[in-house]
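Student: Could you take me through one part of this model in close detail? I would like to see how the pieces around it fit together.

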Amino acid sequence: MVNEHLPKSWFLPLQFQSRGKRKPHKDIAGACDEQRLLIVTQFYPPDYAATGQLISELAARLGGLGMQVNIFTGQPGYAFKKDSAPKREVTECVSIQRSRTSRILPLRIRGRAINGLLFCLRAAMHLLKTAKQRDLLTISTEPAYLPFLGYLAHLLFGLPYICILYDLYPDVAVELNVISPRHWLVRLWNWCNRQTWKHAQSIIVLSPSMKNRVVAQYPEIAHKIAIIPSWADPEAIAPIEKQQNWFARKFDLTEKFTVLYSGNLGRCHDLDTLLDAAHLLQDEPIQFVFIGQGAKLESCIERVKSLNLNNCLFLPYQDKSVLPYSLTACDLSIVSISCGLEGVIAPSKLYGILAAGRPVAAICEPHSYLRELLDNADCGRAFNNGDSLGLANFIRHLAKTPELVKNWGSSGRAYLMEHFTPEIIAKEYFRLFERAIRND
């Protein structure tokens with residue numbers, strides 16, 4: 001049921017609650033006569049949000065395995081360039097329905113909370129109309145309080161559901177000091193989590209530390225938790241030499257040792273340690289590139305200006321078609337988790353880095369799961385939050401040893417192809433979903 005290639009210590013057996021069986025039927029233009037899965041998530045392509053991109057790839061793979069997948073999502077609302085996308089789309093065994101999306105201050109916590117709440121209301125209306133037509137509901141934490149709809153659908157219609165926890169809430173808000181752990185809203189949220197997870201068929205988390213964090217709060221649901229990590233497609237993203245990479249040539253990255261941070265520049269990611277390292281290396285032929293958007297973007301730009309750094313380049317999110325080139329336009333890539341957030345988030349950007357065949361420098365706490373992963377993959381090193389000197393010395397060492405860069409990059413890609421390809425991970429999801437639908 002779980003990924004046989006991953007360390008067995010990551011997993012515990014799963015048990016599923018009993019329910020009445022449902023008969024599969026054709027729903028998408030007669031293309032599929034299999035299990036009917038509904039996935040509800042706020043973000044989905046053409047949005048750039050990593051969670052939406054992952055669900056899109058997962059849905060396509062599940063459809064290829066014979067599962068009928070229906071997606072309910074919103075219009076582009078996260079790092080968007082397009083004002084709208086088709087309200088309905090059908091491809092193979094995947095059907096997509098998009099509702100309207102609110103775009104109130106999308107980079108502010110309060111704005112995202114309001115937008116997420118409005119999406120939840122639209123998703124609830126959709127479930128009222130379609131719940132009885134589905135065999136299984138899968139709900140992500142985009143937005144954070146969406147999983148509670150699974151519990152309500154189960155109460156009202158007996159619909160079994162599975163939760164995918166991309167981030168843990170209210171833990172994120174508490175660790176970022178947005179709200180006090182004693183606030184009534186936190187207590188209410190924890191109660192909702194307890195009810196939601198207690199009645200779920202299964203709970204999917206992305207890392208061992210995330211599982212440990214959930215189990216510490218609710219040990220009675222340990223048997224329901226499956227660790228299924230993110231992934232990257234090694235066929236879509238493959239190593240390219242910088243000299244042959246148009247993206248690297250376009251931004252003059254071919255001659256300098258290039259350090260890349262690509263993804264969300266948000267509160268959950270430690271960018272201060274990276275910028276401090278850039279400051280220490282400002283007089284050396286090393287270029288730092290930041291690709292993405294988020295709540296910390298403006299403060300990062302202001303800090304670079306205040307320090308008069310000329311070795312930092314900021315670029316916007318890139319289209320998915322550009323990722324194979326942007327991710328390989330560097331010599332080293334960065335993954336970071338802010339202090340206190342280990343087990344609360346799990347950066348999906350790591351897997352694209354491995355596919356690109358680039359070494360990894362992780363900025364994280366001493367107990368982070370990233371350390372074991374990097375050691376097993378033999379593809380980089382981890383540094384404590386605040387250890388900018390250690391990171392700078394590491395970057396300086398790699399810049400002088402190109403053979404090590406190449407070897408670590410190749411080792412990381414080989415590890416991804418053995419453990420984290422879409423085929424491997426989709427089969428884990430498929431087996432989990434199939435068991436829930438079959439009432440095993």
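Tutor: Happy to; what follows looks at the second largest pocket and then at a single threonine. Please keep in mind that this is a predicted model.

Let us begin with the pocket. The second largest pocket holds about 480 Å³ of space. Its lining is made up of 21 residues, and those closest to the centre are Glu241, Asp331, Arg358, Pro402 and Val405. Sorted by character, the lining of this pocket has eight nonpolar, six polar and seven charged residues. As for the helices, α13 (388–400) and α14 (402–419) each supply at least two residues of that lining. Of the two, α14 deserves a second glance, as it gives the most to the lining, with five residues.

Now for the threonine. Threonine 41 sits in the loop that runs between β1 (36–40) and α1 (50–64). Is threonine 41 buried or exposed? Its relative accessibility is 0%, and because buried means under 20%, threonine 41 counts as buried. The side chain of threonine 41 has polar partners too: it reaches the backbone oxygen of phenylalanine 43 at 3.4 Å, and it makes a polar contact with the side chain of serine 140 at 3.3 Å. Serine 140 also appears among the residues that threonine 41 touches; leaving out residues up to four places away in sequence, these are Ile55, Phe72, Thr73, Gly74, Phe119, Ser140, Glu142 and Leu146.

Definitions and conventions: Residues are numbered from 1 along each chain as its sequence is written. This is a predicted model: local features need pLDDT of at least 70, side-chain atom pairs count only at pLDDT 80 or more; totals for chains, interfaces and linings use all residues. Side-chain values use heavy atoms; hydrogens and water are left out. On a 1 Å grid over the protein atoms alone, a cavity is a set of points where a 1.4 Å probe fits but cannot get out, and a pocket is an open set with protein on both sides within 12 Å along at least five of seven lines; lining residues have an atom within 4 Å of a point. Grid points are joined across faces, edges and corners, and a volume is the space filled by probe spheres set on the points. Helices (H or I, at least four residues) and strands (E, at least two) are DSSP runs, numbered from the N terminus. Ala, Val, Leu, Ile, Met, Phe, Trp, Tyr, Cys and Pro count as nonpolar, Asp, Glu, Lys and Arg as charged, and the others, Gly among them, as polar. Buried means under 20% relative accessible area, exposed over 50%, partly exposed in between (1.4 Å probe, protein chains only). A polar contact is a pair of N or O atoms within 3.5 Å; within protein, one must be able to donate a hydrogen and the other to accept it, and residues adjacent in sequence count only if both atoms are side-chain atoms. Contact means heavy atoms within 4.5 Å.
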